[in-house]
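Me: I am new to this structure and would like a close look at a single part of it. Please take me through the pairing of oppositely charged side chains, and then through the surroundings in which such pairs are set.

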Amino acid sequence: MRYRQLYDQWNNYTDLESNWKENLQLIAKDEKQIEDAFYRDLEFGTGGMRGEIGAGTNRINTYTVRKATTGLASYIKGAGAEAMERGVVIAYDSRRYSPEFAREAANTLASNGIKAYLYMEPRTTPQLSFSVRHLNAFMGIVITASHNPPEYNGYKVYGEDGAQLNLADAEVVIEHVNDAGDALHIDQRNPDKQLIIQLDERLDQIYMDALKTVQENEEFAPSSNLKVVFSPLHGASGTTVQRILNEVGYKHIYYVEEQMEPDGDFPTVESPNPEEQSAFEYAIQHGEKTESDILIAVDPDGDRVGIAVKSASGYKLLTGNQTGAILIEYLLSQLKEKGNIPANGRVFKTIVTSDLGRVIAEYYGVSTENVLTGFKFIGEKIKQYEETKEFQFLFGYEESYGYLIKDFARDKDAVQSVLAIIEAAAYYKRQGMTLLEVLTQLYERHGYYLEGLQSVTKKGVSGVNAIQNLLKQLRTNTITEIAGISVLSQEDYLHSVRTFTDGRETEEIFLPKSNVIKYFLSDGSWVCVRPSGTEPKIKYYYGVLSGSEAESSEKLQALQNDFSLKMNQYLVD
């Protein structure tokens with residue numbers, strides 16, 4: 001059993017850091033834990049790597065971070081002396097071992113003669129993206145596991161444009177990482193400390209000044225009577241959000257003090273995920289005390305944001321699609337009012353994001369482009385059109401609570417989004433409307449678009465096999481109906497083909513390859529199957545449209561019930 005041999009190799013390694021040695025001793029009698037920690041190398045994929053913290057080849061720890069950074073350093077050295085001099089910006093969030101992993105990355109780069117710009121305190125992922133561009137760095141690294149549970153951490157890689165590394169470059173980096181050798185025995189020479197440059201608050205102010213450009217109506221802030229509760233959920237965004245809201249002049253912002261300090265244990269929440277109602281428990285308590293209009297929560301690395309709106313029955317959490325629709329409506333309506341909508345303006349969304357955003361954009365004469373799931377693909381499009389001038393970026397978003405308003409960052413930016421959400425809510429409050437009433441108006445104008453998501457967790461070796469088996473079965477066995485509604489077409493993004501059930505010839509899909517399948521139904525509904533790129537999960541996405549909320553809700557429930565049953569027959573360990 002190779003995993004047991006690797007366990008013994010790590011356990012007997014005399015120079016193993018004491019904390020990882022203790023971790024190995026904790027799992028010494030748990031064969032399943034040992035297998036999961038050593039049955040493979042932690043995968044370094046197109047977005048970097050993410051995994052449970054601990055000792056082992058399939059865990060994130062000092063040694064796997066060193067191996068990843070050694071591979072990255074090899075890639076940078078291959079790009080030449082200029083790339084090495086331009087260097088890498090490194091940021092980290094509030095998670096366990098985030099500062100240690102960031103320092104390990106900086107030391108490894110410096111050991112390879114590569115300049116490293118290192119933030120010395122937690123900073124958000126979008127600020128990392130901004131910093132790469134501002135400093136003209138060659139790459140960026142952020143240590144984060146986003147909204148995953150406390151036992152996780154991760155390592156994301158950014159290109160010189162500030163976006164997550166594109167697929168072509170990522171594949172080359174992956175080769176370098178895989179060739180870096182045994183994580184335990186990578187030569188860690190003495191780093192040249194002069195190559196490690198500590199970043200301080202001066203860069204914070206430059207980012208603040210960029211954030212202020214997000215405002216469409218900057219005069220709203222000082223005069224607004226909107227009441228807002230904000231929480232960073234123990235993450236990296238607290239001081240940044242508090243500072244920008246103070247600088248632009250909002251007066252009635254109430255902070256969830258119990259959650260303002262960065263803390264990788266996330267002690268007051270079940271999960272630091274603003275997509276979940278439970279993450280708003282403390283915010284709701286503060287909202288009720290202060291009679292606030294909206295509640296806002298941001299995930300640990302500051303790229304995702306969720307909001308809840310006061311209603312007669314309590315605070316109602318909006319979905320990522322609903323928040324995106326409101327932001328598109330507000331931003332485009334303001335641009336139209338000022339006569340500033342460009343003829344070639346474009347909105348970007350992912351293939352699993354609601355079509356409501358697309359029809360709102362069309363209402364204002366703005367086109368929409370679909371990309372694969374993952375904000376890197378939106379960043380890639382921004383760069384493409386920046387060079388060709390064919391389209392002008394106006395807004396990008398995905399259903400999983402990620403939005404970008406201004407492209408000085410090239411990843412989803414929750415701090416930008418907080419500013420835009422508060423301004424939109426302040427504007428509509430002046431009109432005597434809540435954000436829920438705005439959403440209802442959008443549904444009445446465009447139709448009741450509703451979406452759903454089901455996630456099934458399958459951990460370990462057997463889980464990986466089960467998920468792969470499910471996708472294999474879907475490509476082998478054609479689905480002709482879901483909940484009694486006929487399937488018109490199927491898009492297989494791995495093979496780049498669109499097939500039809502009425503006998504029409506297949507069509508090519510012009511998107512990067514991805515292990516995703518999407519079904520389009522005869523009533524306008526759709527279902528999409530996608531394995532998570534960061535967690536041991538298979539995800540089912542749903543979208544429906546009808547003329548009423550009740551009909552859409554009923555249709556969505558029927559689709560979810562039937563499709564999940566169909567998938568269960570394939571999802572076996």
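Reply: A salt bridge is counted here when a side-chain nitrogen of Lys or Arg lies within 4 Å of a carboxyl oxygen of Asp or Glu. Searching the whole structure by this rule gives 36 salt bridges. The model is predicted, so that local features need pLDDT of at least 70 and side-chain atom pairs count only at pLDDT 80 or more, while totals for chains, interfaces and linings use all residues. Residues are numbered from 1 along each chain as its sequence is written, and side-chain values use heavy atoms, with hydrogens and water left out.

One of these pairs joins glutamate 85 to lysine 115, with 2.7 Å from N to O. Glutamate 85 belongs to helix H5 (residues 81-86), whereas lysine 115 sits in the loop between H6 and strand E3 (116-119), so this salt bridge ties together parts that are 30 residues apart in sequence. Helices (H or I, at least four residues) and strands (E, at least two) are DSSP runs, numbered from the N terminus. The setting of each partner can be described by its relative accessible area: under 20% is buried, over 50% is exposed, and values in between are partly exposed (1.4 Å probe, protein chains only). Glutamate 85 is partly exposed because its relative accessibility is 48%. Lysine 115, at 13%, is therefore buried.

Another pair is formed by aspartate 492 and arginine 475, whose closest N and O atoms are 2.8 Å apart. Aspartate 492 is part of strand E18 (residues 485-492) and arginine 475 is part of helix H18 (residues 460-476), so the contact ties together parts that are 17 residues apart in sequence. Aspartate 492 is buried because its relative accessibility is 6%. Arginine 475 has a relative accessible area of 26% and is therefore partly exposed.

A further salt bridge links the side chains of aspartate 411 and lysine 412, at 3.9 Å from N to O. Aspartate 411 has 0% relative accessibility and so counts as buried. Lysine 412 is buried as well, with a relative accessible area of 4%. These two residues belong to a network of salt bridges that also includes Lys156, Asp303 and Glu398.

Which residues does threonine 125 touch? Contact here means heavy atoms within 4.5 Å. Leaving aside residues up to four places away in sequence, threonine 125 touches Lys156, Asp303 and Asp411, together with Val142, Thr144, Tyr158 and Asp301. Of these contacts, Lys156, Asp303 and Asp411 are members of the salt-bridge network. Threonine 125 itself is in helix H7 (residues 125-134), and its relative accessible area of 0% makes it buried.

The nonpolar surroundings complete the picture. A nonpolar core is a set of buried Ala, Val, Leu, Ile, Met, Phe, Trp, Tyr and Cys residues joined through side-chain atoms within 4.5 Å. The largest such core has 115 residues, and those touching the most other members are Leu245, Ile294, Ile296, Ile422, Leu470, Tyr519 and Phe563. Helix H16 (residues 414-430) supplies the largest share of this core, with 12 residues. A separate second core has 54 residues, among them Met49, Ala102, Ala105 and Ala106. In the largest core, isoleucine 296 serves as an example: beyond four places in sequence, its contacts include Val228, Val229, Phe230, Ser231, Val418, Ile421 and Ile422.

Helix H6, named above beside the loop of lysine 115, spans residues 98-111 and holds alanine 110. Alanine 110 is buried because its relative accessibility is 4%. Although 81 residues separate alanine 110 from proline 191 in sequence, their C-alpha atoms are 4.9 Å apart. Pro191, Asp192, Leu195 and Ile196 are the residues that alanine 110 touches, not counting those up to four places away in sequence.

A last feature concerns the backbone. Leucine 233, in the loop between strand E7 (228-231) and helix H11 (238-248), has a positive phi near 55 degrees although it is a residue other than glycine. Histidine 234 lies in the loop between E7 and H11 and has a positive phi of about 70 degrees, again without being a glycine. Leucine 233 is buried, with a relative accessible area of 0%, and histidine 234 counts as buried at 3%.
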